[in-house]
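Me: I would like a close look at one part of this model, the packing of its helices, explained with care. Please set out the terms as you go.

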Amino acid sequence: MGDPIPFYSFAPAHQAIRDEVLAAMTSCYDSNWYVLGGQVQQFEAEYARWNGARHAVGVASGLDALHIALKALGIGPGQEVIVASNAYIACWLAIAATGATIVPAEPDPGTCNIDPRAVEQAISPRTAAVMPVHLFGQSCDMQPLLALAERRGIFIVEDNAQAHGARCAGRLTGSMGHINATSFYPTKNLGALGDGGAITTDDDELARFARAFRNYGSEKKYYNEYAGLNSRLDEIQAAVLRIKLKHLAEWNRQREQLAQLYLKNLQGLDGLQLPQIAPDCTHVWHIFVVQCENRDALQDHLAQQGIQTMIHYPVPPHLQKAFAHLGFRQGQFPIAESLARRCLSLPLFPGMTAEQVERVCKAIEASLTGLTG
Ligand SMILES: Cc1ncc(COP(=O)(O)O)c(C=O)c1O
């Protein structure tokens, strides 16, 4: 057995920018200004420009970004928000936090992204918004969703936490919805050194609301227009994100190369389903997810070879204890349930070597031969 292969390592990318990041952190330390200052303002301008949006509003997390985006649209009790049945729990939590009703729609089992036909079927007179979550790094099939939203007068709120830099029909994720949210959790393609998130929008009024709502609902200090949150991006995180944003394209390019190597080496293996990419959509490989009927046995075999993998996600939101009160049943969203049983995420991070990918592939091939042979 060779050296262990971690699921994710910050080391290669962080080593390369260590001096620059430490200098920026020292400069924040010496500035005597730690919350909502020049670093946040500049990061917001740079991120908005990078994402092709008029505004970016820095907040404390991706969950808060989703919550504030929904609040900006005035979404609340009596309204419905359609979201994927296999989305990350934060998407469901954000809708729940507004008091709106969560309406799950099943994903396409190949791309794992929300199926526009399922969204169409889930629409009711109370539907206020659809939340496409660009899962694992691949853009959702946005064209039919945007057309549907236009036709039915409903809002689109993209969750771009996992897909910084992905595109659909040439347009960047995070720039297509009325208001969109992202996370800068450290392992994201663009990650801070702690928690962080942002809202992006072209709408001046939605951006003004989000800016106030993240800061106690206040535009003028000690005068409060809304019952808001304290959800601000720190100066230090903004300074780090400004540096990392400059490297994002290169890190995404490395992710693409590693993913292509996985796809080439794993093609045609019996019992393994590779990630599928929808026409017109691109993938930035936040996570490389394969599907396998014998997933747990495969994961155990890889662990024995020192290869760390993860499961995104073992329990679909409708079966989480946190949502037991909503009364969803086992079997109600079979595609989400099947993905929870079959998905396995393989190691992938900027700076991972081709040799490491090849070792993972060989170990998978050996495991599958043992499992099926
Ligand atoms: C798809 C998705 N949405 C929302 C979030 C929530 O972001 P955060 O952890 O910054 O609250 C995450 C990440 O953790 C995510 O992957």
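How many helices and how many strands are there in the protein chain? Starting from that, please look closely at how α1 and α8 meet, and then place this contact in its surroundings.

Reply: This is a predicted model, in which local features need pLDDT of at least 70 and side-chain atom pairs count only at pLDDT 80 or more, while totals for chains, interfaces and linings use all residues. Residues are numbered from 1 along each chain as its sequence is written.

The protein chain has eleven helices and 13 strands (DSSP runs numbered from the N terminus, H or I of at least four residues for helices and E of at least two for strands).

Helix α1 covers residues 11-31 and helix α8 residues 235-266, and their axes come within 9 Å and cross at roughly 150 degrees (axes are fitted to C-alpha atoms over the stretch in contact, with angles from 0 to 180 degrees between N-to-C directions). The two helices are therefore roughly antiparallel to each other (angles over 145 degrees count as such, while those under 35 are roughly parallel, 65 to 115 roughly perpendicular and the rest oblique). The crossing in which α1 passes α8 is right-handed (the near helix is turned clockwise from the far one by less than a right angle).

On the α1 side, the residues that meet α8 are Ala13, Ile17, Glu20, Val21, Ala24, Met25 and Cys28, and they face Glu235, Ile236, Ala239, Val240, Ile243, His247 and Trp251 of α8 (contact requires C-beta atoms, placed from the backbone, within 7 Å). By class, this contact holds eleven nonpolar, one polar and two charged residues (Ala, Val, Leu, Ile, Met, Phe, Trp, Tyr, Cys and Pro are nonpolar, Asp, Glu, Lys and Arg charged, and the others, Gly among them, polar).

Just beyond this helix, Asn32 lies in the loop between α1 and α2 (38-51), and Asn32 has a positive phi of about 65 degrees although it is not a glycine. Most residues other than glycine have a negative phi.

Elsewhere, α3 and helix α7 (residues 204-213) pack at an angle of about 130 degrees, with their axes 9 Å apart, and they are therefore oblique to each other. Here Ile68, Lys71 and Ala72 in α3 meet Leu206, Phe209, Ala210 and Phe213 in α7, a contact with six nonpolar, no polar and one charged residues.

As for the whole, the C-alpha trace of the protein chain spans about 70 × 55 × 35 Å along its principal axes.

Methods
Contact = placed C-beta atoms within 7 Å.
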